[in-house]
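Reader: I am in my first year and still learning to read structures, and I would like to be taken slowly through a single part of this one. Could you choose a region and then connect it to what lies around it?

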Amino acid sequence: MSIAWEHFTPYSALGGGALIGLAAALMVLLEGRIAGISGILGGLLQRPLPPDARWRMAFIAGLLLAPLLYGTVFHLPAIHLSASPLLIIVAGLLVGFGSRLGSGCTSGHGVCGLSRLSPRSLAATLVFMVGGMLTVGLLRHGLGN
Amino acid sequence: MALLIPLGLGLLFGFGLLLSGMTDPGKVQGFLDIAGHWDPSLALVMGGAIGVALLPFQHARARLKTWLGMPMQLPTARQIDRRLIVGSTLFGIGWGLAGICPGPGLVLLGLDLGHGALFVGAMLAGMGLQQRYAR
């Protein structure tokens, strides 16, 4: 292992993290809800629609509008996507299925759950972090290369 | 009018994702690549988020109603069961494969519509499959 100092962006990471934390904090203090993206989105797939479907759609609409508004003031960040279309589909299926089966993702378990000091979310976060690390390790360095 | 709050919170959350670097799949994979050339930035994203949210969540836990008088709907499940572990494992594998989790996936639609739609479409299908067959 070596540290990629040339890619290290501590200030934007901390600042962006603080905004995410602020959104999660306001969400619970004002609305009494967990800012978990997979849970909020997943509820919209249920039939009949839950009574708070419009609330869920408004939050998702905010997320979708974010890059459009952000781009009017700041440079939109570059993206480096190395996965092939097939791999993106497999990844999306696993992310959707797994986050719903495990009742949360990086936001619900990783940010909100850890901030609530929930042992259950800590377990989930450790598991998906290790899962992601092993997967990237195998993708990039596995099978002898 | 009440919907302006979730809309604004979605925007704020999205701005945070964009600023933090979480919307760049290559950066996410660089963080997960501890065996290679490791970019520790995203540890600071989580640290910054929890640093800001920790005290508000402790305050919220002690309340029955929110500042606006809405019911406090915090999760009640406590068990670390098979579903949690299997689900989180599958999610982690998917996250590592492309470097995209649900929030950044939705934001990706506004950055790279083609790949974003591919990911979000598959993610919605995965969520639908779970809800239909594995509840």
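Author: What follows is a close look at one pair of packed helices, and then at the chain and the partner chain around them. Please keep in mind that this is a predicted model.

Two packed helices are described by the angle between their axes and the distance between the axes. In chain A, helix 5, which covers residues 106-115, packs with helix 6, residues 119-141, at an angle of about 145°, and the two axes lie 8 Å apart. The crossing that helix 5 of chain A makes with helix 6 of chain A is left-handed. If you wish to find the contact on the model, look in helix 5 of chain A for A:His109, A:Gly110, A:Gly113 and A:Leu114, which meet A:Ser121, A:Leu122, A:Ala124 and A:Thr125 in helix 6 of chain A. Sorted by class, this contact consists of three nonpolar residues and five polar ones, with no charged residues.

The loops on either side of helix 5 also repay attention. In the loop between helix 5 and helix 6 of chain A you will find A:Leu117, a residue that is not a glycine and yet has a positive phi of about 60°. A:Leu117 counts as partly exposed, because it has 13 C-beta neighbours inside 10 Å. The loop between helix 4 (85-101) and helix 5 of chain A holds A:Ser103, which likewise is not a glycine but has a positive phi, about 60°. A:Ser103 is buried, because 23 other C-beta atoms lie within 10 Å, and the cut-off for buried is 20 or more.

Stepping back to the whole of chain A, we count six helices and one strand, and from the N terminus on the order of these elements is β-α-α-α-α-α-α. The C-alpha trace of chain A spans about 50 × 35 × 35 Å along its principal axes, and 52% of its 145 residues count as buried. Among the contacts in chain A with a separation of 6 or more, 43% are between residues 24 or more positions apart. A further backbone detail is found in the loop between helix 2 (37-43) and helix 3 (53-73) of chain A, where A:Pro48 sits; the peptide bond that leads from A:Arg47 to A:Pro48 is cis, with omega near 0°.

Chain A also has a partner, since 105 residues of chain B are in contact with 105 residues of chain A. Several elements of chain B each supply at least two residues of the side that touches chain A, including helix 1 (4-20), helix 4 (82-98) and helix 6 (113-133). Helix 3 of chain B gives the largest share of that side, 17 residues. By class, the residues on the side of chain B that touches chain A are 65 nonpolar, 33 polar and seven charged. The strands take part as well, for strand 1 of chain A, residues 2-3, pairs with strand 1 of chain B in the parallel sense over two bridges, and A:Ser2 stands opposite B:His37 in strand 1 of chain B.

One helix of the partner chain makes a useful exercise in checking a length. Helix 4 of chain B has 17 residues, which at 1.5 Å a residue should span 24 Å, and its end C-alpha atoms are 25 Å apart, which agrees. Helix 4 of chain B is mostly covered, with 13 of its 17 residues buried, and it is followed by B:Gly99, whose phi is positive, near 80°.

Key: Residues are numbered from 1 along each chain as its sequence is written. Chains are lettered from A and ligands numbered from 1 in the order in which they are written. This is a predicted model: local features need pLDDT of at least 70, side-chain atom pairs count only at pLDDT 80 or more; totals for chains, interfaces and linings use all residues. Axes are lines fitted to C-alpha atoms, for helices over the stretch in contact, and angles run from 0 to 180 degrees between N-to-C directions. Helices (H or I, at least four residues) and strands (E, at least two) are DSSP runs, numbered from the N terminus. A crossing is left-handed if the near helix is turned anticlockwise from the far one by less than a right angle, and right-handed if clockwise. Two residues are in contact if their C-beta atoms, placed from the backbone, lie within 7 Å. Ala, Val, Leu, Ile, Met, Phe, Trp, Tyr, Cys and Pro count as nonpolar, Asp, Glu, Lys and Arg as charged, and the others, Gly among them, as polar. Two strands pair if DSSP finds at least two bridges between them. The expected span of a helix is 1.5 Å times one less than its number of residues. A residue is buried if 20 or more other C-beta atoms lie within 10 Å of its own, exposed if 12 or fewer, and partly exposed in between; C-beta atoms are placed from the backbone.
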